[in-house]
Amino acid sequence: MIQILIQGLLLSGLYALIAVGFTLIFSVGRVLNLAYASYLMVGGYIYFYVVQTQGMPKIVGMVVAVLMGCLMGMLMYRAMVKPLKGDHVAVEISTLILAVVIQAGIVLLFNDSAKILHPILPGVWHVGGATVTLNILTATVVSWLILGGLYWFVRKTHTGRAMQAVSMDAKGATVCGVDADRINLITWGISGGLGALAGVFFASYTQLSPNMWVTPLIIAVAVVIVGGIGSIVGTLIVAHIIGFMEIISTTLIAAELRGVFTMLLIIGVLIISPKGLFGREELG
Amino acid sequence: MTGISWRHVALWAVFIIFMLLLPEMVSKGTLRTVIFANFLAIFAISWDVISGRTGYISFGHPFLIGIGAYTTAILSYRFGMPVGLSIPLAVCVTMVAGTLFFLPALRVKGSYFALVTLAFMELMYQLVQVIRPDLTGGTRGMSGVTTLARGAVNNYYLSFGLMIVIAVSMWVLMKTRFGTALSAIGMNEESVRGSGLSTTRLKLFAFMVSAMVAGLGGAFYVHYLGSIAPRALFDINFVFTIIVAVLIGGASTIVGPMLGAFFLTFLLEYLRPYLPGAERYFIYGSIALVIYMYQPKGLYEIVMQQWRKYRVVKAGET
């Protein structure tokens with residue numbers, strides 16, 4: 001029982017970290033970035049290259065991964081999303097194509113085989129009869145810190161409030177003197193950086209492989225759909241729902257069923273309440 | 001019925017005659033490539049009926065194709081049912097599944113719809129491996145499913161026959177008022193409803209037609225390959241191939257997806273000696289992305305634009 005509780009909490013923390021960058025773009029720009037999960041993959045691979053191939057310290061690997069993710073996000077916004085001028089379906093299709101192109105690029109650079117990342121913090125921690133790897137514990141703690149920081153950033157800082165304004169009404173924000181284009185660029189940058197960081201943790205939790213992006217994409221999608229647009233708190237809650245559902249179905253029913261309930265949740269919520277359970281129209 | 005002229009009929013006839021003579025002209029290896037192009041064309045047409053027309057983008061088309069393929073494979077392989085019975089049954093089952101697919105389209109559209117279809121596909125991928133693996137073959141799938149024809153030439157005629165019947169009937173269907181109404185839904189659903197048409201009924205019909213085509217394609221495909229495996233079928237790369245075929249060719253034209261499927265299959269085939277692995281996706285993904293960003297309506301539209309320009313120039317000269 002305690003095992004389920006702890007594992008659920010930790011997994012949910014990781015999932016929240018995966019989903020939050022995706023939520024951010026969706027709330028501010030109203031576009032679904034299906035190449036979001038490629039940031040995770042690219043982040044993971046960059047970390048792998050810097051730390052395990054070049055032998056640099058782990059923190060350097062993480063910083064490089066985040067910076068590259070950031071750059072990737074901004075580049076994508078400038079080169080693809082902006083020229084399509086808010087045609088949502090076109091953005092989705094082109095980001096999906098881009099995701100597959102990036103996947104093929106990864107295969108070109110790092111070949112097809114899966115790679116194991118060394119744990120970021122080796123060791124285990126025994127608590128109340130449960131065994132927890134320090135690796136995923138770090139991921140969860142980082143995830144909580146980042147979510148808290150992001151909440152503060154969106155609520156309190158000037159840029160964050162401008163992001164809120166753009167997510168409520170891009171035109172209205174422009175009238176009030178907010179440069180919506182710049183805000184979008186910043187959002188895409190933040191989202192890319194968060195994605196890459198989540199990728200490092202996700203890859204150390206599972207493994208690195210060129211098709212590792214599908215699972216986190218589905219998780220991010222589920223969180224956004226079930227949580228409703230733009231609610232950071234909703235993201236956190238739904239990440240816990242999904243995380244616990246997976247752990248419970250894995251330990252109590254069958255390990256193969258772990259993804260099934262997530263899909264059913266997505267389909268069910270979209271059919272019954274398309275706005276999501278915590279539906280909000282603006283970032284907050 | 002408007003918009004069908006003698007020139008169209010003549011073009012189709014030329015195309016059909018050319019394709020019928022093809023086995024005389026090319027090697028068996030090329031013929032096998034064309035078979036794959038035929039099947040991809042069927043899937044692309046099926047996608048085009050829903051997504052190209054109405055703008056309800058499906059990222060989960062393998063869900064429909066897979067249901068058709070699995071139904072007939074299970075019925076004929078596990079229960080020894082004759083293929084003549086199992087294929088029609090598979091098509092019916094796929095159409096029922098099409099209604100399931102249709103449910104979210106009542107409530108959500110745009111981005112959300114695309115995502116829910118993606119969820120359908122992933123759900124199917126996981127369920128197939130878990131539920132009754134004694135029937136579905138689990139992760140490894142099934143092999144040794146009855147094949148319908150032997151040899152490249154026979155299989156070619158079979159796949160081409162299927163493809164051309166589907167293509168022509170869809171093309172004619174899309175020339176009717178029904179096709180126009182579907183395109184109108186893609187442009188502005190509210191105004192279609194405003195002009196007194198039941199968009200629900202139109203969409204349901206489109207989904208049924210699309211599911212039927214997908215089921216037919218999937219069923220014949222599995223009986224051509226003789227084997228089926230979940231990872232090859234419910235794969236994002238497969239969705240990607242279908243969508244790229246449609247987009248390169250030109251969405252909502254029926255002819256476009258056909259062209260796109262042939263173009264893509266041959267591109268893949270010619271790249272094979274130079275780039276044996278997944279690198280090919282890199283090349284053709286990039287090509288597709290560039291074409292899509294440049295002209296979202298695809299090659300068909302680019303060709304038509306040139307043709308119109310040429311006609312204007314010619315009219316100016318005389």
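What pattern does chain A follow, read along the sequence? It runs α-α-α-α-β-β-α-α-α-α-α-α-α. Keep in mind that this is a predicted model.

Let me stay with chain A for a moment. Its secondary structure comes to 11 helices and 2 strands. The radius of gyration of chain A is 18 Å, and the globule rule gives 19 Å for 284 residues. Those two values are close, so chain A is as compact as a globular protein of that length. For the box dimensions, take the C-alpha trace along its principal axes: about 55 × 45 × 35 Å.

Now burial. Of the 284 residues in chain A, 54% count as buried.

And contacts inside the chain. Take the pairs in chain A that are at least 6 apart in sequence and in contact. Of those contacts, 76% join residues at least 24 apart.

Next, the interface. How many residues of chain B are in contact with chain A? The count is 38, and they meet 34 residues of chain A. On the chain B side, four helices each supply at least two residues: helix 4 (83-107), helix 5 (111-130), helix 12 (236-249) and helix 14 (279-294). The largest share comes from helix 5 of chain B, with 13 residues.

What about the chemistry of that side? By class, the side of chain B that touches chain A has 26 nonpolar residues, 9 polar and 3 charged.

One aside on counting. Interface size is often given as the accessible area lost when the parts come together. What I have quoted here is residues in contact: 38 from chain B and 34 from chain A.

Key:
Residues are numbered from 1 along each chain as its sequence is written. Chains are lettered from A and ligands numbered from 1 in the order in which they are written. This is a predicted model: local features need pLDDT of at least 70, side-chain atom pairs count only at pLDDT 80 or more; totals for chains, interfaces and linings use all residues. Two residues are in contact if their C-beta atoms, placed from the backbone, lie within 7 Å. Ala, Val, Leu, Ile, Met, Phe, Trp, Tyr, Cys and Pro count as nonpolar, Asp, Glu, Lys and Arg as charged, and the others, Gly among them, as polar. The radius of gyration is taken over C-alpha atoms; the globule rule is 2.2 Å times the number of residues to the power 0.38. A residue is buried if 20 or more other C-beta atoms lie within 10 Å of its own, exposed if 12 or fewer, and partly exposed in between; C-beta atoms are placed from the backbone.
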